[in-house]
Amino acid sequence: MELESNRNSSVLTDPAPTSKSRLGIHSSLYSPPNVVFSPGLFLKIQKKKPLTVDDVRSNSWLEAMKSSSPTHRKKAKDCASELVLTDTDVAYRNWMLTYPSALASFERITNYAKGKRIALFLDYDGTLSPIVDNPDCAFMSNAMRIAVRNVAKYFPTAIISGRSRDKVYEFVGLTELYYAGSHGMDIMGPVRPFSNDHVNCIRSTDKQDKEVNLFQPASEFLPMIDEVFRSLVDSTKEIKGAKVENNKFCVSVHYRNVDEKHWTTIAQCVHKTLKDYPRLRLTHGRKVLEIRPVLDWNKGKAVEFLLESLGLTNCDDVLPIYVGDDRTDEDAFKVLREGNLGYGILVSSAPKESNALYSLRDPSEVMEFLKSLVAWKKPSSL
Ligand SMILES: [Mg+2]
């Protein structure tokens with residue numbers, strides 16, 4: 001499920017529906033009644049429905065590729081540009097009135113979390129690791145690895161990524177976590193007595209031979225995804241900088257390193273391939289086109305599944321926190337927000353509309369947040 005609206009909307013005029021939340025958040029924190037915004041600071045954010053092949057056919061893909069892939073801020077070369085940068089910074093600060101910093105709001109978060117069991121869900125790319133030109137080199141720092149390891153000592157922690165589960169495990173390398181790859185379509189979670197009633201859920205063992213539950217709702221798509229992967233590798237091989245990644249239950253076509261004048265060609269390759277596979281659909285990430293099964297499954301469903309696997313559903317004393325940076329993370333934010341279940345934290349250095357409640361600017365702030373959680377929990381657990 002993607003963001004529902006397809007309109008142009010101001011990020012500053014869509015306050016979070018928090019007034020009835022059981023999370024104890026004052027709605028005024030998100031939509032302060034007396035704040036007046038300069039019209040020039042309202043940013044127009046393009047929100048998209050999930051793209052169908054028809055959408056692609058009607059050439060909306062190029063616009064979508066651009067809107068999903070903001071270019072880096074250019075350095076100011078003159079006074080006029082500097083003024084724009086200042087406005088951008090002010091716009092970010094104003095945006096944070098709607099999506100407050102999880103660091104600045106840490107006391108509020110932990111006040112609510114007192115006596116509750118926090119369950120932590122973390123995206124990988126752009127959340128724990130920086131976005132880099134070569135997706136194979138999206139390594140997380142050792143400092144971040146230590147922070148994640150420490151936080152997992154106190155809270156059940158899962159990584160939910162668009163990458164293949166094996167790939168993200170390779171990057172993170174921590175056995176104490178739960179891993180969900182392929183946007184939640186490949187989950188390795190704990191064994192629970194009654195968690196086997198899901199179709200496609202099988203008992204397996206992890207790399208340490210520990211018994212686990214393996215949930216792969218898209219397993220029937222494996223041959224199809226593999227076929228599409230090979231087809232796209234072949235059709236994009238002449239496009240300089242294009243990289244096709246097999247994420248097991250989805251295929252990613254990265255165009256981060258492709259000259260913008262060739263983005264059309266990339267989209268045409270994907271379109272041409274997709275039209276032979278009506279059971280697959282296209283979604284947009286940050287400079288990546290993703291081909292996924294048409295399946296009612298996403299990162300939000302993965303969070304629900306993992307909470308259930310961990311025995312943490314229907315408990316008033318559980319507080320799930322999800323940290324992510326991309327459009328696919330919105331499904332998880334939405335599940336937490338609409339169910340009044342927990343906190344979504346959007347990682348973004350630019351204003352954007354989100355179902356998250358809080359924000360962090362970049363992975364370094366994510367690391368600070370994780371460290372703060374450990375420091376908060378440590379004394380009370382000793
Ligand atoms: Mg991400």
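Over residues 1–22 the pLDDT stays under 50, and for this stretch the model, which is a predicted one, has 77 contacts beyond four places in sequence. Residues 24–58 also have a pLDDT below 50, and here the model shows 90 contacts beyond near neighbours in sequence. For the chain as a whole the average pLDDT is 81, with 75% of the residues scoring at least 70.

With those stretches in mind, one can turn to the chain overall. Its secondary structure comes to 12 helices and 15 strands, and 52% of its 382 residues count as buried. Among the contacts in the chain with a separation of 6 or more, 66% are made by residues that lie 24 or more positions apart. The accessible surface amounts to about 17,600 Å², and carbon and sulfur atoms contribute 52% of that area.

The metal site brings together residues from separate parts of the sequence. The magnesium ion is coordinated by D123 and D325 through OD atoms and by D125 through O, at 2.1 to 2.2 Å. Along the chain these donors follow the spacing D-x1-D-x199-D. Both D123 and D125 are buried, which means that each has under 20% relative accessible area.

A second region to follow is the set of strands around β8, which covers residues 211–215 and is mostly covered, since four of its five residues are buried. Strand β6, at residues 186–190, pairs with β8 in the antiparallel sense over four bridges, and within this pairing I187 stands opposite F215 in β8. Strand β7, at residues 201–205, likewise pairs with β8 in the antiparallel sense, here over five bridges, and R203 stands opposite N213 in β8. β7 and β8 form a hairpin with five residues between them, and in the turn D209 has a positive phi of about 65°.

Further along the chain, four strands form an open sheet in the order β9-β10-β12-β11, with antiparallel pairing. The edges are taken by β9 (243–246) and β11 (280–285), each of which has a single partner strand, so one side of each is left without a neighbour in the sheet. On average, neighbouring strands of this sheet are turned by 20° against each other, direction ignored. Strands of a sheet pair through backbone hydrogen bonds, in either a parallel or an antiparallel arrangement. Between β11 and β12, the latter at residues 288–293, the strands run antiparallel and six bridges join them; one bridge partner to look for is V288 in β12, which is paired with G285. Helix α8, at residues 222–235, packs on the sheet and touches β9, β10 (251–254), β11 and β12, while its direction makes about 165° with that of β9.

One last position to consider is G311, which lies in the loop between α10 (299–309) and β13 (318–324). G311 has a relative accessible area of 25% and is therefore partly exposed. In sequence G311 and P190 are 121 residues apart, whereas in space the C-alpha to C-alpha distance between them is 9.6 Å.

Note on methods: Residues are numbered from 1 along each chain as its sequence is written. This is a predicted model: local features need pLDDT of at least 70, side-chain atom pairs count only at pLDDT 80 or more; totals for chains, interfaces and linings use all residues. Side-chain values use heavy atoms; hydrogens and water are left out. Donors are N, O and S atoms within 2.8 Å of the metal (3.2 Å for Na, K and Ca); water is not among the atoms, so sites may look incomplete. Buried means under 20% relative accessible area, exposed over 50%, partly exposed in between (1.4 Å probe, protein chains only). Two strands pair if DSSP finds at least two bridges between them. Helices (H or I, at least four residues) and strands (E, at least two) are DSSP runs, numbered from the N terminus. Axes are lines fitted to C-alpha atoms, for helices over the stretch in contact, and angles run from 0 to 180 degrees between N-to-C directions. Contact means heavy atoms within 4.5 Å. Accessible areas come from the Shrake-Rupley method with a 1.4 Å probe; for residues, only the protein chains shown count as cover. pLDDT is the predictor's confidence in each residue, from 0 to 100.
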